[in-house]
Amino acid sequence: MKKSIVALLSVLVLTSVLSACNTTRGVGEDVEAGGKAIQKSTN
């Protein structure tokens, strides 16, 4: 249950970060940062 909540919150944060990007490079960096955050939350 806890992992589901963490995953959901991570997706929400990633979505909000992606909507704030203005450039293609920024999107790539944000996706990478979101992936790292998800990996850290599952460990």
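The legends below accompany several close-up views of a predicted model.

**Figure 1. Overall view of the two helices of the predicted protein model**. The secondary structure of the protein consists of two helices and zero strands, with helix α1 covering residues 2-19 and helix α2 covering residues 24-42. Among the 43 residues of the protein, 12% count as buried. The protein exposes about 3600 Å², and 64% of this area is supplied by carbon and sulfur atoms.

**Figure 2. Close-up of the salt bridge between Lys-36 and Glu-32**. The side chains of Lys-36 and Glu-32 meet in a salt bridge with an N to O distance of 3.4 Å, and the count of salt bridges in the model comes to one. Both partners belong to helix α2, where Lys-36 and Glu-32 are four residues apart, about one turn of the helix. Lys-36 counts as partly exposed because its relative accessibility is 45%, and Glu-32 likewise counts as partly exposed, at 46% relative accessibility.

**Figure 3. Close-up of Ser-10 and the residues that Ser-10 touches**. Ser-10 has its place in helix α1, and with a relative accessibility of 15% it counts as buried, since the cut-off for that class is under 20%. When residues up to four places away in sequence are not counted, Ser-10 touches Ile-38 and Ser-41.

**Figure 4. Close-up of a nonpolar patch on the surface, with Met-1 and Leu-9 among its members**. The patch is formed by Met-1, Ile-5, Leu-8, Leu-9 and Leu-12, which together have about 570 Å² of accessible area. Met-1 is found in the segment before α1, and at 79% relative accessibility Met-1 counts as exposed. Leu-9, by contrast, is found in helix α1 and is partly exposed, with a relative accessible area of 49%. From C-alpha to C-alpha, Leu-9 and Ile-38 are 9.5 Å apart in space, although 29 residues apart in sequence.

**Figure 5. Close-up of Lys-2 and Thr-42, residues that are 40 apart along the chain**. The C-alpha atoms of Lys-2 and Thr-42 are separated by 9.9 Å. Lys-2 lies in helix α1, which starts at residue 2, whereas helix α2 ends at residue 42. With 70% relative accessibility, Lys-2 counts as exposed, because that class takes values over 50%.

**Figure 6. Close-up of Val-11 and Ala-37, residues that are 26 apart along the chain**. Val-11 has its place in helix α1 and is partly exposed, with a relative accessible area of 43%. The C-alpha atom of Val-11 is separated by 9.9 Å from the C-alpha atom of Ala-37.

**Figure 7. Close-up of Asp-30 and Leu-14, residues that are 16 apart in sequence**. Asp-30 has its place in helix α2 and counts as buried, at 18% relative accessibility. In space, Asp-30 and Leu-14 are 7.5 Å apart, C-alpha to C-alpha. Asp-30 counts as buried because 18% falls under the 20% cut-off for that class.

Terms used
Residues numbered from 1 in each chain as written. Predicted model: local features only at pLDDT ≥ 70, side-chain atom pairs only at ≥ 80, totals over all residues. Heavy atoms only, no water. Buried < 20%, exposed > 50% of the residue type's maximum accessible area, 1.4 Å probe, protein only. Areas by Shrake-Rupley, 256 points an atom, 1.4 Å probe, with all protein chains shown as cover. Salt bridge = Lys/Arg side-chain N within 4 Å of Asp/Glu carboxyl O. Contact = heavy atoms within 4.5 Å. Patch = residues over 30% accessible without salt bridge, like charges linked within 9 Å, V, L, I, M, F, W, Y side chains within 5 Å.
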